[in-house]
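Welcome, and thanks for stopping by. Shall we take a look at the structure together?

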Protein chains: 2
Amino acid sequence: MDRPAIWNRLVIGAKFQANPLSIFPTQNHFSFAARTTKATYLSSMKIGLAQINPVVGDFPGNAKRLLAAYRECLEAGADLVVSPELSLVGYPPRDLVFKSQFVPKCLQALDYLAEEIKEVPLLVGYVDHHHPNHPGKPFRNAAAWLENGNICHRIWKTLLPTYDVFDERRYFEPSESCAPIHWRGTRIGVTICEDIWTESYLQRPFYDRDPIKELTAQGVDLLINLSASPYHLGKPQMRQAMLGGVARMAKVPVIYCNTVGANDQLIFDGHSLVCDAMGNVQCQLPGFETCCAVIEPNSQPCSQSAPLLDDAEELYKALVIGLRDYVHKCGFSSVCLGLSGGIDSALTATLAAAALGPEHVYGLTMPSPYSSRGSVDDSFALAKNLGIHCQEVPIRDVYESFKQTLAPLFAGKAADVTEENIQARIRGVLLMAYSNKDNHLLLTTGNKSELAVGYCTIYGDMCGGLAVISDLPKMRVYQISRWINREREIIPWPTIEKPPSAELRPDQKDQDTLPEYPVLDAILELYVEHQLSSDEIIGRGYDETTVRWIQRRVDLNEWKRHQAAPGLRVTSKAFGIGRRMPIVQQFIG
Amino acid sequence: MDRPAIWNRLVIGAKFQANPLSIFPTQNHFSFAARTTKATYLSSMKIGLAQINPVVGDFPGNAKRLLAAYRECLEAGADLVVSPELSLVGYPPRDLVFKSQFVPKCLQALDYLAEEIKEVPLLVGYVDHHHPNHPGKPFRNAAAWLENGNICHRIWKTLLPTYDVFDERRYFEPSESCAPIHWRGTRIGVTICEDIWTESYLQRPFYDRDPIKELTAQGVDLLINLSASPYHLGKPQMRQAMLGGVARMAKVPVIYCNTVGANDQLIFDGHSLVCDAMGNVQCQLPGFETCCAVIEPNSQPCSQSAPLLDDAEELYKALVIGLRDYVHKCGFSSVCLGLSGGIDSALTATLAAAALGPEHVYGLTMPSPYSSRGSVDDSFALAKNLGIHCQEVPIRDVYESFKQTLAPLFAGKAADVTEENIQARIRGVLLMAYSNKDNHLLLTTGNKSELAVGYCTIYGDMCGGLAVISDLPKMRVYQISRWINREREIIPWPTIEKPPSAELRPDQKDQDTLPEYPVLDAILELYVEHQLSSDEIIGRGYDETTVRWIQRRVDLNEWKRHQAAPGLRVTSKAFGIGRRMPIVQQFIG
């Protein structure tokens, strides 16, 4: 990889995961400079950032990851090493914390870790007990300052997000007060994730506490934040602006260490950074990669930084690490999926090839009596371009057998969507058989627009352990696919350019049933992400019939989404963990 | 129905839903007496209890339900009418509250309701806005005192449960203070659900507030609580004891109005009650039925009350109302299900017949090459006993067709669990086709023990819109089935007495693979409900190999349960909304 020398000097022991798909070499363009000018009050302090990828509940493994990163930072001259929120635990541990031995084993791991830490302190995130007889939640979202074999300070998180994908008030009791840590003549304010998110970047003023103000009122020379801040499109930019604002307000440098990798539906983008006291980004670590760096915070403005990515590339990288971590952390090495000749399965296969290596991706093309030959050919062309496996398994015979078996039950009844669903479900059975027989994790390929309006078959094309692109609206699927083809054809152009079709009846096209995708996606964004009412959306100029149809379809398909595979979240409001709708309800609005 | 005269005088306009399955006439044995002695300080106040069954988000419908109950209580001489928590909204509305028009429409409905209320006040539960510029959550879990066309008082909930199935801190801001309402010379302390749950009945002291103490310190003559308290086995007894304790502590009567019916996974059992100032239950309304009653609280001890049910009957009634509400509130009138000849599907069919009427229940028996003839015969015998529909659809031909289709893909590979799963999935496809064609809601029939260890096929026997008995451990399935057969055979005795088998390979028995069910259930209760570690369970004398096998199976099957149909919760810890485990995790303990 082609890195500027300055990066090699700054980033020590970066664990760049080689991209196994050679057609998409990772491009790294880091051009920021390390300012060696030292703010006098910081006495040349060098801060190590351990942007690691913990596995939830894997205390021994996470301790090893932390120690390896710590030692790399040590070799590079760090005076203090910072790791992410709950770095010893993995974020979010969810109800695992209630298991009787979860927190005790976490504390054992913390003790073990402390013994390995010498004079250079390590800040590590973990879960602690709250006092058993004091009222409140049983646990603390905690950070420990380890130094010279001891746990010298314990910091509790103050602001506990309980909205969207977050449930921290379910588990944790907030800190009662904040105080800086005095260390070698420096006053360091240590906070955890949400603690540093000032009001203007939250939807409304959620909290009556402000840990940054509480700390700065006592005087601090440096702010450090341990984070596990989940990714969505635009979040890295937002975070830079927010942290810069905090630094300017507090007039001190801000050290921000974010976790990287994915756990279930949440992707963490890393992008750990250091802001100088003027709020300028002095150094930002790369996104979507594990990485260690040692940096001297200073108060000089600096215009150079790791460039943020454009939308398509950012989404692509997020989905690749999300897919890779889900598959590998679940203990699988290969995946299978259905290749329909359509764009959704083509994009999913491309992401899988990039994440796992094409030799670990197994496609099936399963033509029905209504499939075009082009769909099969496009699937094989895609497989060839990517270097993945592909086999053809026609469903005609099984479909005929189902029709005959059901004939007595369905005597005198006309064909309808039932028969379309049977075809989709036959494919589901075949793919699950492939998955069971050869131990591939099955990927499901539906996009967010389809899932929203229920244009998908439960137990059919919704089968799978992971819904890779279920938070990508259809127009984003096109955007990323074109970006993938920016230099040469990876996804066959006919797949991108032909009118989308489920091919479950003769000459079927998506747009026979659905609004045009640009309109559908625009209305869905207003309805699902912004939670506007139908009337409000119609008031913005959209067609009333279309809006009410979409609203009704979204509401009626909650039951299907309840049984959907977990999906990787890349927008500000995904179906899944962050959106909790009742199934049985009669609100229309 | 045979009711003592005293009950007819007390309970006015009780809306007993006729049990459509005549073989199980509802038995009501209400024998408590109405004491007419009036506590002088209460000035003969007669309290109406409106134990209604709201539908989530159905503001017009819920307003009608409230008004109908209010008017019945009025006719019976009520001086004040109390309804459940969020009675205008349905509990829990979950993320619907974030829809831009949800709370505005709720407030419109409240205004409409207020206009209909004359001099007899109505206490109604609703969602209000929190102040838009004050920090905190955007909403209040609220109660309104409606009187003479006005909203005279608004009460906010103080203790907001955020554990198990509850997420109230996600939405609501707690009240800052509590004060009694002064009305006709009486000081009334109004609280909402959790507010009255004193520390000794919660797992640990969660809160640093105690609304009952705050109110009694100011002096109250009566405590009223609006509740939506979800059912689990033993909860009615626990609630009686808790409310009695509160009355004794406060030395005033307690009026407790609980919601009834089911919303998604939660069943509400009603069992509204009045405790006298000595903590004795003066009157308890029936469980699992909508009901209105008018009662004069007094301070005389009273030993008579509606008897609580034994376990099997209580669970049976809970599941019947849970099933009925899910199906009807979703807009379905009929269900279909697979009848395997086994006990799980037999119990599910029996519950469905009781809930919906046997004419609305459609069974399919789908023998495979490995099915015993007895299984088909037992299914038809069950259908005959219940009066439900049953048809036979053999899966042999489709199974053969799948094997032939997959032969090229599976060349040289031995048969394994893949082939068993194909059979289960063929049945899933057939049942979903039946559901699609005739608009039956498909019920899935798995029990909690199977779901815990993953002894079930995703997209196969797990297919369905509702998992009726997925929170019943296998031994409870036997207990309830025997209770159903207590007078005569409803579920064929061979179904209950034969060794359980999935019949997916020759001579297969559950106990080839699983521990004996009494042992499995006992270990699962310790591991899943009590969250003990393997070591702790082994320490109680269970076989180490068995415990570790179960622990591993439970953990590895989290991904399957993520895609399971919603299940009716009847134990203190169900899979589903109240148990939120990560899928990707490596904690063993």
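What follows is a friendly exchange about a predicted model.

Visitor: How many residues of chain A are in contact with chain B?
Guide: Happy to start there, with contact counted when C-beta atoms placed from the backbone lie within 7 Å. On the other side of this contact, chain B takes part with 79 residues. For chain A, the number in contact with chain B is 79 residues.

Visitor: Which helix gives the most to the side of chain A that touches chain B?
Guide: Several helices of chain A each supply at least two residues of that side, among them α3 (102-116), α6 (311-329) and α9 (396-406). Also on the list are α10 (417-438) and α18 (558-562) of chain A. With 13 residues, the one that gives the most is α10(A).

Visitor: How many residues of the side of chain A that touches chain B are nonpolar?
Guide: Let's split that side by class. It has 18 charged and 23 polar residues. The nonpolar residues there number 38.

Visitor: What separates the centres of domain 2 and domain 3 of chain A?
Guide: The domain assignment of chain A places domain 1 at 43-308, domain 2 at 317-511 and domain 3 at 515-556. Taking the centres over C-alpha atoms, the separation of domain 2 and domain 3 of chain A is 27 Å.

Visitor: Which element gives the largest share of the side of domain 2 of chain A that touches domain 3 of chain A?
Guide: The contact takes eight residues from domain 2 of chain A and 11 residues from domain 3 of chain A. On the domain 2 side, the elements giving two or more residues are α12 (474-484) and α11 (448-453) of chain A. The largest share, three residues, comes from α11(A).

Visitor: Which are the edge strands of the open sheet in chain B?
Guide: Six strands form this sheet, in the order β6-β7-β8-β9-β12-β13 (chain B), with mixed pairing. From one strand to the next, the twist averages 20 degrees. An edge strand pairs on one side only, and in chain B these are β6 (181-183) and β13 (281-284).

Visitor: Which residue in β13(B) stands opposite B:Leu273?
Guide: Strand β12 (residues 273-275) of chain B and β13(B) run antiparallel and are joined by three bridges. Opposite B:Leu273, in β13(B), stands B:Gln284.

Visitor: At about what angle to β12(B) does helix α5 of chain B run?
Guide: Helix α5 (residues 235-250) of chain B lies across β8 (222-227), β9 (254-258), β12 and β13 of chain B. Relative to β12(B), helix α5 of chain B runs at about 35 degrees.

Note on methods
Residues numbered from 1 in each chain as written. Chains lettered and ligands numbered in written order. Predicted model: local features only at pLDDT ≥ 70, side-chain atom pairs only at ≥ 80, totals over all residues. Contact = placed C-beta atoms within 7 Å. Helix = DSSP H or I, 4+ residues; strand = E, 2+ residues; numbered from the N terminus. Nonpolar A, V, L, I, M, F, W, Y, C, P; charged D, E, K, R; others polar. Domains from an automatic or database assignment. Pairing = 2+ DSSP bridges. Axes fitted to C-alpha atoms, helices over the stretch in contact; angles between N-to-C directions.
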